[in-house]
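Reader: Hey, I'm new to this one. Can you walk me through a few bits of it?
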There are 2 protein chains.
Amino acid sequence: MTVIYNRVALIGLGLIASSMYWAIKRHGIAHDVTGFARTVETRETARTIGLCDHVYETPQEAARDADLVVLCVPVGAMGAVAKDISGVLKAGATLSDVGSVKQHVIQSVAEHVPRNVDFIPAHPLAGTEHSGPNAGFAELFENRWCMIVPFADSNACAVTRLRSFWEAMGSKTTTIDAEHHDLVLSVTSHVPHLIAYTMVGVADDLRRITDREVIDYSAAGFRDFTRIAASDPTMWRDIFLTNKDATLEVLGRFTEELFALQRAIRTGNGEHLHDYMTRTRTIRRGIIEAGQDTDAPDFGRGVVKR
Amino acid sequence: MTVIYNRVALIGLGLIASSMYWAIKRHGIAHDVTGFARTVETRETARTIGLCDHVYETPQEAARDADLVVLCVPVGAMGAVAKDISGVLKAGATLSDVGSVKQHVIQSVAEHVPRNVDFIPAHPLAGTEHSGPNAGFAELFENRWCMIVPFADSNACAVTRLRSFWEAMGSKTTTIDAEHHDLVLSVTSHVPHLIAYTMVGVADDLRRITDREVIDYSAAGFRDFTRIAASDPTMWRDIFLTNKDATLEVLGRFTEELFALQRAIRTGNGEHLHDYMTRTRTIRRGIIEAGQDTDAPDFGRGVVKR
């Protein structure tokens with residue numbers, strides 16, 4: 001129970017911000033948390049469920065006097081909201097964000113940051129397929145990585161303080177540069193999401209199969225895909241558009257590999273298929289050993305502790 | 001606790017057969033269960049863990065005197081094993097299987113079935129990413145579909161009895177024709193698996209990212225893919241090669257859709273992306289309503305009850 005920032009402002013009140021709020025309160029990380037949401041509906045929900053100590057109608061009111069301001073809006077909206085609040089940021093405050101793409105956020109936000117404010121981008125690798133203020137829970141960040149993306153000339157104290165903030169919410173933290181972040185995330189998250197969306201769309205299109213059949217007989221593979229493909233469309237649209245280069249590069253590699261496997265199927269090359277699938281098993285083993293997942297058999301039977 | 005078959009023979013002792021054994025015993029569905037496995041190692045494991053009442057060195061010994069013989073080997077091995085046991089099958093016995101592809105199994109098995117034996121293919125839609133005799137558990141089939149694939153001239157009593165057998169193990173059952181089965185499964189299972197394997201392979205290939213990074217930062221999307229891609233390579237090689245036509249057809253649709261989304265990213269067409277991802281959300285909702293999955297947020301945090 002150590003207060004790391006006196007006042008934290010959460011700009012945008014979706015899954016991530018609401019989880020941050022509950023984690024901050026549970027661990028006593030800030031005295032005071034202000035919040036802003038663009039729509040009346042979200043603000044009303046926040047007030048009803050007690051999300052944030054004060055919910056404001058404008059981002060300026062929420063950000064004023066905050067020691068840490070965290071932008072929790074879709075990546076495509078970061079620049080505009082940074083511009084809106086730039087005039088009210090307190091001297092010595094830290095401005096951060098939780099966007100899934102870092103180069104674009106830096107390009108669109110940095111120009112609006114006053115000289116006496118430390119801008120330190122960040123990205124917690126945590127989420128669920130649910131979105132909105134009601135979807136948050138205090139444990140979301142526990143044992144998950146939060147990537148901190150400082151600049152060469154960032155204030156070291158401010159970076160350390162931001163890391164402590166995320167660690168107090170249960171995260172493991174690391175630093176990474178923005179370009180590499182965007183490539184790593186395109187492989188481990190962005191392209192897998194795009195592929196899952198695509199497969200679910202194909203199932204829906206194939207008219208010889210009824211929706212009922214798709215739904216009733218959704219075996220393991222497909223059920224996992226639908227879970228992914230239920231994620232927030234606005235957030236993901238922005239991710240794909242703003243991490244365009246890495247997404248297109250990894251997609252290119254993906255289709256190249258897929259075509260090789262497709263040819264192996266067409267030509268009956270069982271050895272190629274078997275070798276490929278044997279190799280992919282080892283990555284899975286590494287993930288289990290790294291503690292990022294459990295070895296318990298799942299396939300649609302998962303039960304979640306909140 | 002109703003005995004449905006006096007003696008059941010399980011040919012092949014992997015995840016499915018071992019789960020069947022534990023379910024049969026738990027619910028008292030057969031007096032006696034015999035088993036055969038090709039390798040000494042699997043037979044020894046089976047004997048050590050008490051899998052099957054009798055484990056035999058040959059499929060003939062296991063199948064002789066059985067009222068129900070279930071082929072539980074990879075799809076590509078079904079024909080050979082059916083040929084091996086065809087001479088010993090008891091008059092009036094039922095021969096079935098658990099293969100994930102039905103047209104090919106029928107083509108390769110049917111010619112070996114004696115006239116006085118009822119051949120009724122089946123496919124339980126259940127599994128985990130683990131394989132082998134140790135991976136089985138009695139609850140695997142609970143609330144999962146088992147597809148029964150009778151022929152136009154199948155013995156109706158034998159079909160009803162086989163359905164009762166699967167229902168006694170906890171499955172829901174339905175009948176479906178072989179061609180349609182193979183198309184439905186290519187969409188809901190086979191192509192999703194191929195895609196997951198591919199994406200995991202791409203991650204491994206991309207040399208600018210270390211394996212450690214892939215593993216540590218495997219966010220939701222990718223972690224689900226690695227789980228799928230850890231499934232048994234021999235089983236899946238056979239599925240892709242034997243359900244070739246449907247797999248290639250669905251893959252064609254998939255790449256067509258993927259290219260359209262790729263173009264939307266390249267040209268910055270956010271509306272197309274947003275519309276597509278909004279549509280895929282509704283399928284997910286259908287799956288939850290159909291009771292095939294839970295609405296609890298998951299993303300790598302699933303905990304499994306065995």
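Reader: What comes right after α1(B)?
Author: Gly28(B) follows α1(B), and its phi is positive, near 60 degrees. Helices here are DSSP runs of H or I with at least four residues, and strands are runs of E with at least two, numbered from the N terminus. Bear in mind that this is a predicted model: local features need pLDDT of at least 70, side-chain atom pairs count only at pLDDT 80 or more, and totals for chains, interfaces and linings use all residues. Residues are numbered from 1 along each chain as its sequence is written.

Reader: ok, and what do the buried residues of α1(B) pack against?
Author: In chain B they pack against β1 (5-11), β2 (30-36), β4 (68-71), β7 (122-124) and α6 (156-168). Leu15(B), Ile16(B) and Met20(B) are among those buried, meaning under 20% relative accessible area with a 1.4 Å probe, protein chains only.

Reader: Switching topic: is Thr198(B) buried or exposed?
Author: Buried, with a relative accessible area of 0%. Thr198(B) sits in helix α7 (residues 178-205) of chain B.

Reader: Which residues is Thr198(B) in contact with, leaving aside its neighbours within four places in sequence?
Author: Phe254(A), Glu257(A), Leu258(A), Leu261(A) and Tyr276(A). Contact means heavy atoms within 4.5 Å.

Reader: And which backbone oxygen lies 2.7 Å from a polar atom of the Thr198(B) side chain?
Author: That of Leu194(B).

Reader: Last one: how can chain B be laid on chain A?
Author: By a turn of 180 degrees and a shift of 0.0 Å along the axis, with an RMSD of 0.0 Å, superposing by least squares on C-alpha atoms of residues with pLDDT of at least 70 in both. The two copies are thus related as by a two-fold rotation axis.

Key. Chains are lettered from A and ligands numbered from 1 in the order in which they are written. Side-chain values use heavy atoms; hydrogens and water are left out. Buried means under 20% relative accessible area, exposed over 50%, partly exposed in between (1.4 Å probe, protein chains only). A polar contact is a pair of N or O atoms within 3.5 Å; within protein, one must be able to donate a hydrogen and the other to accept it, and residues adjacent in sequence count only if both atoms are side-chain atoms.
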